[in-house]
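Here are a few exercises to help you find your way around a new structure. Try each task yourself before you read the solution.

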Amino acid sequence: MKYDLLIVGGGPAGLTAAIHARARNKSALVISNDPLASPLSKAPAMANYPGLPGVTGRELVEGLMAQARDLGVEFKQGRVLSVMPMGESVMVSVGSDVVEGGAAILALGVARAAPLRGENEFLGRGVSYCATCDGMFYRNKSVVCAGDAPNFEEEVEFLRSIGCQVTVKRLAGLSILGESAVTGVRDAKGEETPCDGVFLLRASIAPAQLAPGLETEGGYIKVDGRMATSLPGVYAAGDCTGQPLQLAKAVGQGQMAAHFAIEGMG
Ligand SMILES: Cc1cc2nc3c(=O)[nH]c(=O)nc-3n(C[C@H](O)[C@H](O)[C@H](O)COP(=O)(O)OP(=O)(O)OC[C@H]3O[C@@H](n4cnc5c(N)ncnc54)[C@H](O)[C@@H]3O)c2cc1C
């Protein structure tokens, strides 16, 4: 099935975009890590959200999700690994599945992690973000896994089940070593572990890694006045577009992104 809109990220920006899409009678799929596990969901009473003084993060996210569901928004839980415009469609990969939309809205929040030393250099040459996608390349080989993804244990278990020798490391202070391809990692204590591959299984992925060719500035996605990014059919909204990192701006941009994405589809 091809959706009218694919929305990556189930925070206030993404859920508002989805609600607006359904209000315009367009099909919408929100693909996200569990929205109720986001940092916002743990926020205590918020004083500055218009019309709802004292609302908690959890109340807000639950309310947006219920409203979206009632309007017919569909949800898919998972970590999005890539976003690729292809002619009249945008393809989004989630784990080992691929979904198709007429346009996509990136509502990723802020990517909290800076790339590790060696990560960009060895991406595709030993560094991977998805065990169930790339694991077979490392069958019966040594790999290192590090990350905070909700499905981290499952991904590690998958690698073990196909015969990988897995070492788990913490992300903090990890460096990736190699020459033409990965040969090992060095952890924060200086201990080196030889390996053939490194799986970085983070809950969020930096926008430029998610969508090759996407223009960013200071790590934030560049958008124009219609919330369009540098990639055709790809829009962005909320914290991932930059300051101010605030709720009211996120929901406003979510509405605008859906409006202009639908207009752009003709
Ligand atoms: C503790 C706390 C208190 C706050 N208090 C206030 C306040 O009082 N007032 C205020 O205005 N703002 C406040 N904020 C800021 C506010 O929460 C953010 O501005 C707002 O949540 C941004 O919404 P968003 O939809 O852009 O991103 P987010 O709410 O961050 O949602 C993004 C979602 O996308 C998911 N995601 C990201 N990458 C991927 C991927 N590759 N695959 C799948 N899913 C992905 C994330 O897991 C997350 O669920 C607070 C934030 C925190 C953490």
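**Exercise 1: overall form**

What radius of gyration does the protein have, and why does that agree or disagree with a compact globule of 266 residues?

Solution. Keep in mind that this is a predicted model. Start with the expectation: for 266 residues, a compact globule would come out near 18 Å. Next, take the protein's own value, 19 Å. The two agree, so the radius fits a compact globule. For another view, look along the principal axes: the C-alpha atoms fill a box of roughly 55 × 45 × 35 Å.

**Exercise 2: inside and outside**

Work out how the residues and the surface are shared out.

Solution. Begin with the inside: 48% of the 266 residues are buried. Then turn to the outside, where the accessible surface is about 12400 Å². Carbon and sulfur atoms account for 51% of that surface. Now count charged side chains: 23 are positive and 27 are negative. The centres of these two sets are 1 Å apart. Last, check the contacts between residues at least 6 apart in sequence: 60% of them link residues at least 24 apart.

**Exercise 3: a four-stranded sheet**

In what order do the strands of the open sheet of four strands come, and which strands stand at the edges?

Solution. The protein has six helices and 16 strands to pick from. In this sheet the order reads E7-E13-E8-E9, and the pairing is parallel. Strand E7 (127-128) and strand E9 (165-168) each have a single partner strand, so one side of each has no neighbour in the sheet, and these two are the edges. Zoom in on E7: two bridges tie it to strand E13, residues 197-200. There, valine 127 faces valine 198 of E13.

**Exercise 4: a hairpin**

How many residues does the hairpin use to join E10 to E11?

Solution. The hairpin passes through three residues. Either side of it you'll find strand E10 (residues 175-178) and strand E11 (residues 182-186), which run antiparallel with four bridges between them. To follow one bridge, start at leucine 177 and cross to its partner in E11, glycine 184.

**Exercise 5: one serine**

Is serine 32 buried or exposed?

Solution. First find the residue: serine 32 sits in strand E2 (residues 28-32). Its relative accessible area is 11%. Buried means under 20%, so serine 32 counts as buried. Then see what touches serine 32, setting aside neighbours within four places in sequence: Gly9, Gly10, Lys76, Gln77 and Gly78.

Methods
Residues numbered from 1 in each chain as written. Predicted model: local features only at pLDDT ≥ 70, side-chain atom pairs only at ≥ 80, totals over all residues. Heavy atoms only, no water. Pairing = 2+ DSSP bridges. Rg over C-alpha atoms; globule rule 2.2 N^0.38 Å. Buried < 20%, exposed > 50% of the residue type's maximum accessible area, 1.4 Å probe, protein only. Contact = heavy atoms within 4.5 Å. Areas by Shrake-Rupley, 256 points an atom, 1.4 Å probe, with all protein chains shown as cover. Lys, Arg positive; Asp, Glu negative; His and termini not counted. Charge placed at Lys NZ, Arg CZ, Asp CG, Glu CD.
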